[in-house]
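Colleague: I would be grateful for a close look at a single part of this structure. Please take the strand that seems most useful to you and describe its surroundings in one connected account.

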Amino acid sequence: MLQIQTPVVLQLSDGQLLRWTQAMAVTLRVIAGRVWVTRPGDLDDHFLDAGDQLKIEARSRTLIGAEGEARLAVDAA
């Protein structure tokens with residue numbers, strides 16, 4: 001089984017979309033910039049700024065979009 005050390009840091013460009021599906025729960029933390037997060041079954045879209053975080057459940061199909069340049073850290077929950 002592939003094991004990745006966390007946090008994983010991701011750099012997104014303005015308007016870039018990231019589809020996230022992970023077998024385990026993770027915490028998404030915004031290091032810089034602003035992102036939009038939407039998930040099936042979640043009635044709210046989430047707008048996260050630097051310093052904000054959001055838990056993403058295991059096997060959740062999540063779409064993350066950058067509003068401007070953004071840097072994210074993904075930590076095992």
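Modeller: The account below follows strand S4 and its surroundings.

This is a predicted model, in which local features need pLDDT of at least 70 and side-chain atom pairs count only at pLDDT 80 or more, while totals for chains, interfaces and linings use all residues. Residues are numbered from 1 along each chain as its sequence is written, and side-chain values use heavy atoms, with hydrogens and water left out.

Strand S4 covers residues 34–38. Helices (H or I, at least four residues) and strands (E, at least two) are DSSP runs, numbered from the N terminus. Two strands are said to pair if DSSP finds at least two bridges between them. S4 pairs with strand S5 (residues 46–49) in the antiparallel sense, over 4 bridges. With strand S7 (residues 62–66), S4 again forms an antiparallel pairing over 4 bridges. Val-37 illustrates both pairings: its bridge partner in S5 is His-46, and its bridge partner in S7 is Ile-64.

Arg-34 of S4 takes part in salt bridges, a term that requires a side-chain nitrogen of Lys or Arg within 4 Å of a carboxyl oxygen of Asp or Glu. The structure holds 4 of them. The side chain of Arg-34 meets that of Asp-49 at 3.0 Å, N to O. This pair links distant parts of the chain, with Arg-34 in S4 and Asp-49 in S5, 15 residues apart. Arg-34 also forms a salt bridge with Glu-67, where the closest N and O atoms are 2.9 Å apart. Glu-67 lies in the loop between S7 and S8, so its pairing with Arg-34 in S4 ties together parts that are 33 residues apart in sequence. Arg-34, Asp-49 and Glu-67 are thus linked in a network of salt bridges.

Accessibility is classed as buried under 20% relative accessible area, exposed over 50%, and partly exposed in between (1.4 Å probe, protein chains only). Arg-34 is partly exposed at 29%, Asp-49 is partly exposed at 32%, and Glu-67 is partly exposed at 39%.

S4 also contributes to the largest nonpolar core, which has 15 residues; the elements that give two or more residues to this core are S3, S4, S6, S7 and S8. A nonpolar core is a set of buried Ala, Val, Leu, Ile, Met, Phe, Trp, Tyr and Cys residues joined through side-chain atoms within 4.5 Å. Val-35, Val-37, Leu-48 and Ile-64 are among the residues with the most contacts inside the core. Contact here means heavy atoms within 4.5 Å. Leu-48 touches several residues, including Arg-34, Val-35 and Val-37, with residues up to four places away in sequence not counted. Its other contacts include Leu-28, Val-30 and Leu-54.

A further salt bridge joins Arg-29 and Asp-75, with the closest N and O atoms 3.4 Å apart. Arg-29 lies in strand S3 (residues 26–32) and Asp-75 in strand S8 (residues 70–76), so this pair ties together parts that are 46 residues apart in sequence. Arg-29 is partly exposed, with a relative accessible area of 30%, whereas Asp-75 is buried at 18%.
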